Amino acid sequence: MATSTRVGRDPASAMSETAADLIGRERTFGARNYDPLPVVLARGEGSWLADVDGRRYLDLMSAYSAVSFGHGHPRIVGALIAQAQQLGVTSRAYHNDELPFLFERLTQLTGLDRVLPANGGAEAVETAIKAARKWGHKIKGIADGRAEIIGCHGNFHGRTITATALSTEPQYRDGFGPFPTGLSTVPYGDADALAKAITPRTAAFLVEPIQGEAGIVLPPPGYLARCLQICRERHVLMIVDEVQTGLGRTGRFLACQHEDVKPDGVILGKALGGGLLPVSAFVATNDVMQVFHPGDHGSTFGGNPLAAAVAMAALDVLQDEHLIERSAELGAWLLGELQDLRSDLVRDVRGRGLFVGIEVAGEKNAARPVVDRLLARGILSKDTHGTVVRIAPPLNIPRDDLEWAVGEIRAVFRELERDVKRAA
Ligand SMILES: *Cc1c(COP(=O)(O)O)cnc(C)c1O
């Protein structure tokens, strides 16, 4: 799609009957566990989306990195259709002729030994936690039922009870207990705190290389390498949750590879499904994976041939279109441009690769007006943690589209500054 027909109307006020009707139905019949922006999407192609009224939006969110290759990438869609016509779902009661290739590919890309496939990210996190606990009991020799997992303040590992139990966000936990025990957290970015928290009962340290949901929070340089060293010294597994940061998002295949960290286990998801399906995986060393025996753990849909074919196509696109290098280069440019915003309303701009957060000065929902104004200008972004605008476009976004978006972001901050001055 060309980038010429851009509109500056307020989508909420210009909303058609159809859009209002669809939003009404969703609100009437759906659980209210989300509060979506008032836009009803109907089509997508590359970095562009269109709503039910044909209004177009540049996607700077990529479904939280699930759409890293853009919407409807022809090669990934082609793989999906071809495989769907061949064989879709078999369960792991049988072998299939796609999954072995995905396994092999993921071990090559991560430098790890074995893969356990799942669907959503939270499931793969759950798999990692089960693996770590069992490793603690069976290999490390922790008394049965006593293994502990250490996570980080501000973490996000999904919405299962275990991930919720590990969360430090009160809203994520409120009313959902009782929670499993054997979970604790330490400040993110503080390796000494990790060293202090480890006990003989600690099985694993679970960490995001960059905290996405927490607001694109980067730990100090050297943090991950230091954590790995501590974990090695204390016979503790280091498991890195790369569900959001993996597959080139930060300019390396894995974000932990920026520090040459090879952990004991890596969790992948989101982009692994090529923007079309939920595909996730826990990838780990032989030392960890030896704990699983037939019947210990599984998933009906995990590793199905359709998912494997789509994931392979996604990894092919990542490699053949040089998207990791592209993320590094375009991301460095984007970060520079945004750091140049020079607005009193911008408290901080941080990120790595095409994974950037703009922290907006002000109240706890300060990012929302920026997101709303970008939406009105035909740009989809998302506030996270109240004050941070998340910018994470598809890795193959055309450079001129991103340049246009930077101009619009600049204009939005000028507009907001003017409003603040007027109000003062
Ligand atoms: C999104 C996310 C998850 C959960 O993935 P789902 O597919 O939503 O279950 C886990 N960890 C991280 C770091 C994530 O960003």
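## Exercises on a ligand site and its sheet

In this predicted model, a polar side-chain atom of K270 lies 2.7 Å from an oxygen atom of the ligand. The exercises below start from this contact and then turn to the sheet and the loops.

**Exercise 1.** Determine which residues surround the ligand, and which of them place an N or O atom at a short listed distance from a ligand oxygen atom.

*Solution.* Begin with the shell, which consists of G120, G121, A122, F156, H157, G158, E208, D241, V243, Q244 and K270. Sorted by character, these residues divide into three nonpolar, five polar and three charged. Next, take the individual atom pairs: a ligand oxygen atom is 2.7 Å from an N or O atom in the side chain of Q244, while for A122 the atom concerned is a backbone N or O, lying 2.8 Å from an oxygen atom of the ligand. Because a polar contact requires a pair of N or O atoms within 3.5 Å, the pairs of Q244 and A122 satisfy the distance cut-off. Finally, consider cover: on its own the ligand has 380 Å² of accessible area, and the protein covers 80% of it.

**Exercise 2.** Establish the strand order of the seven-stranded open sheet, and find which strands form its edges.

*Solution.* Reading across the sheet gives the order β4-β10-β9-β8-β7-β5-β6, and the pairing is mixed. The edges are β4 (114–118) and β6 (183–186), each of which pairs on one side only. Neighbouring strands are turned against each other by 20° on average, direction ignored. As an example of one pairing, β7 (residues 202–207) and β8 (residues 237–241) run in the parallel sense and share four bridges, with V207 standing opposite V240 in β8.

**Exercise 3.** Describe how helices α4 and α5 are placed with respect to the strands.

*Solution.* Take α4 (residues 99–110) as the starting point: this helix packs on the sheet and touches β4, β9 (265–268) and β10 (280–284), its direction making about 120° with that of β4. Then turn to α5 (residues 121–140), which lies across β4, β5 (148–152), β6, β7, β8, β9 and β10, and runs at about 25° to β10.

**Exercise 4.** Locate the cis peptide bond and the non-glycine residue with positive phi.

*Solution.* The peptide bond from G177 to P178 is cis, with omega near 0°, and P178 belongs to the loop between α7 (170–173) and β6. The residue with positive phi is S91, at about 70° although it is not a glycine; S91 is placed in the loop between α3 (74–86) and α4.

Notes: Residues are numbered from 1 along each chain as its sequence is written. Side-chain values use heavy atoms; hydrogens and water are left out. A residue is near a molecule or strand if one of its heavy atoms lies within 4 Å of it. A polar contact is a pair of N or O atoms within 3.5 Å; within protein, one must be able to donate a hydrogen and the other to accept it, and residues adjacent in sequence count only if both atoms are side-chain atoms. Accessible areas come from the Shrake-Rupley method with a 1.4 Å probe; for residues, only the protein chains shown count as cover. Ala, Val, Leu, Ile, Met, Phe, Trp, Tyr, Cys and Pro count as nonpolar, Asp, Glu, Lys and Arg as charged, and the others, Gly among them, as polar. Two strands pair if DSSP finds at least two bridges between them. Helices (H or I, at least four residues) and strands (E, at least two) are DSSP runs, numbered from the N terminus. Axes are lines fitted to C-alpha atoms, for helices over the stretch in contact, and angles run from 0 to 180 degrees between N-to-C directions. Contact means heavy atoms within 4.5 Å.
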